[in-house]
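Here are my notes from going through this one. Have the viewer open as you read, and take the points in order.

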Amino acid sequence: RKNLEWLAKSTNWAKFSATASLGVIHKGHIKESRSILSTYLPSGGARGSPYSEGGALYAMGLIHANHYDLETKQYLLEQLHNAQSTEVLQHG
C-alpha cells in the first residue's frame, strides 16, 4: 500500500509493457515482425506515444531473440540513433 502513489504515476509504462508483450506472443515470427508491430513502431512522420514505440522496439527484440537478422539489427540501431533525445525509446 505504500507504493500506490508510484503505481498511479506509472500509467505510461503500462503502454510500454502492453506493446512489449506482443514480442512474447509473436516470438519467432521473424518474417512478420515488422507487419505485426507496424502500428506501434516509430515512423519518420507523426510520432506516437514514445512508450508504445519503445515497447514496440523491445517487442521486436523479443521476437528476434536468438535469431540473427542483419536488416533488423540495422533497423533497431537506426531507431536508437534517431531517438537520442527520447529516453523511453532508448530503453525499448
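1. Start with Ala65, which sits in the loop between α4 and α5. This is a predicted model, by the way, so read every value here as computed from predicted coordinates. Alanine 65 has a relative accessibility of 25%, so it counts as partly exposed. Look across to isoleucine 30: the two are 35 residues apart in sequence, yet their C-alpha atoms are 9.4 Å apart in space.

2. Now for Ile30 itself. Isoleucine 30 belongs to the loop between α2 and α3, the latter covering residues 33-37. Its relative accessible area is 23%, so isoleucine 30 too goes down as partly exposed. Which residues does isoleucine 30 touch, once those up to four places away in sequence are set aside? They are Ile63, His64 and His67. For His67 there is a backbone figure as well: the C-alpha atoms of isoleucine 30 and histidine 67 are separated by 7.9 Å, with their positions 37 residues apart along the chain.

3. Back in the loop between α4 and α5 (70-82), have a look at Asn66. Most residues other than glycine have a negative phi. Asparagine 66, though not a glycine, has a positive phi of about 65 degrees. Is asparagine 66 buried or exposed? With a relative accessible area of 79%, asparagine 66 is exposed.

4. A word on the overall layout. The chain has six helices and zero strands, so the run of elements from the N terminus on reads α-α-α-α-α-α. Of the 92 residues, 29% are buried. If you take the contacts with a separation of 6 or more, 66% of them come from residues 24 or more positions apart. The accessible surface adds up to about 6300 Å², and carbon and sulfur atoms hold 55% of that.

5. Next, the core. Which residues make up the largest nonpolar core? There are nine: Leu22, Leu37, Leu41, Ala56, Leu57, Ala59, Met60, Ile63 and Tyr75. Helix α4 gives the most to this core, with five residues. One of the core members is Ala59, and beyond its neighbours within four places in sequence, alanine 59 is in contact with Thr19, Ala20, Leu22, Gly23 and Leu37. Ile63, which isoleucine 30 touches, is also in the core list.

6. Thr19 deserves its own look. Threonine 19 is part of helix α2, residues 11-25, and its relative accessibility is 5%, so it counts as buried. Where does its side chain go? The side chain of threonine 19 reaches the backbone oxygen of lysine 15, at 2.8 Å. Neighbours within four places aside, threonine 19 is in contact with Tyr40, Ser52, Gly55, Ala56 and Ala59. Ala56 and Ala59 are both on the core list.

7. Follow that contact over to Ser52, in helix α4, which spans residues 50-63. Serine 52 has a relative accessible area of 15%, and because buried means under 20%, it counts as buried. Besides residues up to four places away in sequence, serine 52 touches Lys15, Thr19 and Tyr40. Note that Lys15 is also the residue whose backbone oxygen the threonine 19 side chain reaches.

8. Two more residues of α4 are worth a click. Glutamate 53 is in this helix, and at a relative accessible area of 3% it is buried. Its C-alpha atom and that of threonine 39 are separated by 9.1 Å, the two residues being 14 apart along the chain. Proline 50 is in α4 as well, but it is partly exposed, with a relative accessible area of 30%. From proline 50 to alanine 83 is 33 residues in sequence and 9.6 Å in space, C-alpha to C-alpha.

9. Last, the N-terminal end. Leu4 lies in helix α1, residues 4-9. Leucine 4 is at 45% relative accessibility, so it counts as partly exposed. Together with Trp6 and Leu7, Leu4 forms a nonpolar patch on the surface, and the three share about 350 Å² of accessible area.

Key
Residues numbered from 1 in each chain as written. Predicted model: local features only at pLDDT ≥ 70, side-chain atom pairs only at ≥ 80, totals over all residues. Heavy atoms only, no water. Helix = DSSP H or I, 4+ residues; strand = E, 2+ residues; numbered from the N terminus. Buried < 20%, exposed > 50% of the residue type's maximum accessible area, 1.4 Å probe, protein only. Polar contact = N/O pair within 3.5 Å; in protein donor to acceptor, adjacent residues only side chain to side chain. Contact = heavy atoms within 4.5 Å. Patch = residues over 30% accessible without salt bridge, like charges linked within 9 Å, V, L, I, M, F, W, Y side chains within 5 Å. Areas by Shrake-Rupley, 256 points an atom, 1.4 Å probe, with all protein chains shown as cover. Salt bridge = Lys/Arg side-chain N within 4 Å of Asp/Glu carboxyl O. Core = buried A, V, L, I, M, F, W, Y, C linked by side-chain atoms within 4.5 Å.
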